[in-house]
Amino acid sequence: AGDRLVTADEAIVGVLVGPGDSPTTGMTRGAVVSVVIRPAAGTNGTVAEVPGWITGIGGEVSSAGDRPVEVVVARSEAARVSAAAADRRVTIVVLGD
């Protein structure tokens, strides 16, 4: 799975994952994930799940415990995932094979 290629209907989105926003194991290139988008604070929005997979993980964890992760999602979901990631409203769940 580590050599999987991004297709024309997919997009790569960068996510800065904070402590507790992803598991400490299973976060490897090619891992199948669910990108969970939490509603904005103070809203009555619902949680959304976007299927994807990991294409890259930054090697350096910041002093705050943040780790950059590159996830591949459907192109139609890329803007929503990117906007939520910018607001720090994304959790990554690694799924079993």
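**View 1. The buried side of helix α1.** In α1, four residues are tucked away: A78, V81, A84 and A85 are buried. They span an arc of only 140° around the helix axis, so they sit on the same side of α1. Keep in mind that this is a predicted model. Helix geometry helps in reading this view: an α-helix has 3.6 residues a turn, so residues three or four places apart point the same way. The buried residues of α1 pack against β1, β2, β3, β4 and β5. Now look at the other side of the helix, where A79 and A86 are exposed.

**View 2. Strand β2 and its two partners.** Here we zoom in on β2, which covers residues 32–37. Why is this strand described as largely enclosed by the rest of the structure? Five of its six residues are buried, and that is the reason. β2 runs antiparallel to β3 (residues 48–57), and six bridges join the two. To find your place in that pairing, start from S34, whose bridge partner in β3 is P51. β2 also pairs with β5 (residues 90–94), again in the antiparallel sense, over five bridges. A handy marker for this pairing is V35, with I92 as its bridge partner in β5. As a general reminder, side chains in a regular strand alternate between the two faces of the sheet.

**View 3. A nonpolar patch on the surface.** V32, V93 and L95 together make a nonpolar surface patch of about 200 Å². V32 belongs to strand β2. With a relative accessible area of 35%, V32 is partly exposed, because it falls between the 20% limit for buried and the 50% limit for exposed.

**View 4. The D66–R88 salt bridge.** The side chains of D66 and R88 come together in a salt bridge, with 2.9 Å from N to O. This pair ties together distant parts of the chain, 22 residues apart: D66 is in the loop between β3 and β4 (67–74), while R88 is in the loop between α1 (78–86) and β5. Is each partner buried or partly exposed? D66 has a relative accessible area of 12% and is buried, whereas R88, at 37%, counts as partly exposed. While you're looking at R88, check its backbone too: just after α1, this residue takes a positive phi of about 60°.

**View 5. Two more salt bridges.** How many salt bridges does a search of the whole structure find? It turns up four. One of them joins the side chains of E77 and R80, at 2.8 Å from N to O. E77 is partly exposed, with 22% relative accessible area, and R80 is partly exposed as well, at 38%. Another salt bridge links D87 and R89, whose closest N and O atoms are 3.7 Å apart. R89 counts as buried, with 18% relative accessibility.

**View 6. D21 and its neighbours.** D21 sits in the loop between β1 (10–17) and β2. Its relative accessibility is 17%, so D21 counts as buried, the limit being under 20%. Which residues does D21 touch, leaving out those up to four places away in sequence? The contacts are R38, V90, T91 and I92. You may recognise I92 from View 2, where it was the bridge partner of V35.

Technical notes. Residues numbered from 1 in each chain as written. Predicted model: local features only at pLDDT ≥ 70, side-chain atom pairs only at ≥ 80, totals over all residues. Heavy atoms only, no water. Buried < 20%, exposed > 50% of the residue type's maximum accessible area, 1.4 Å probe, protein only. Pairing = 2+ DSSP bridges. Contact = heavy atoms within 4.5 Å. Arc of directions from axis to C-beta. Patch = residues over 30% accessible without salt bridge, like charges linked within 9 Å, V, L, I, M, F, W, Y side chains within 5 Å. Areas by Shrake-Rupley, 256 points an atom, 1.4 Å probe, with all protein chains shown as cover.
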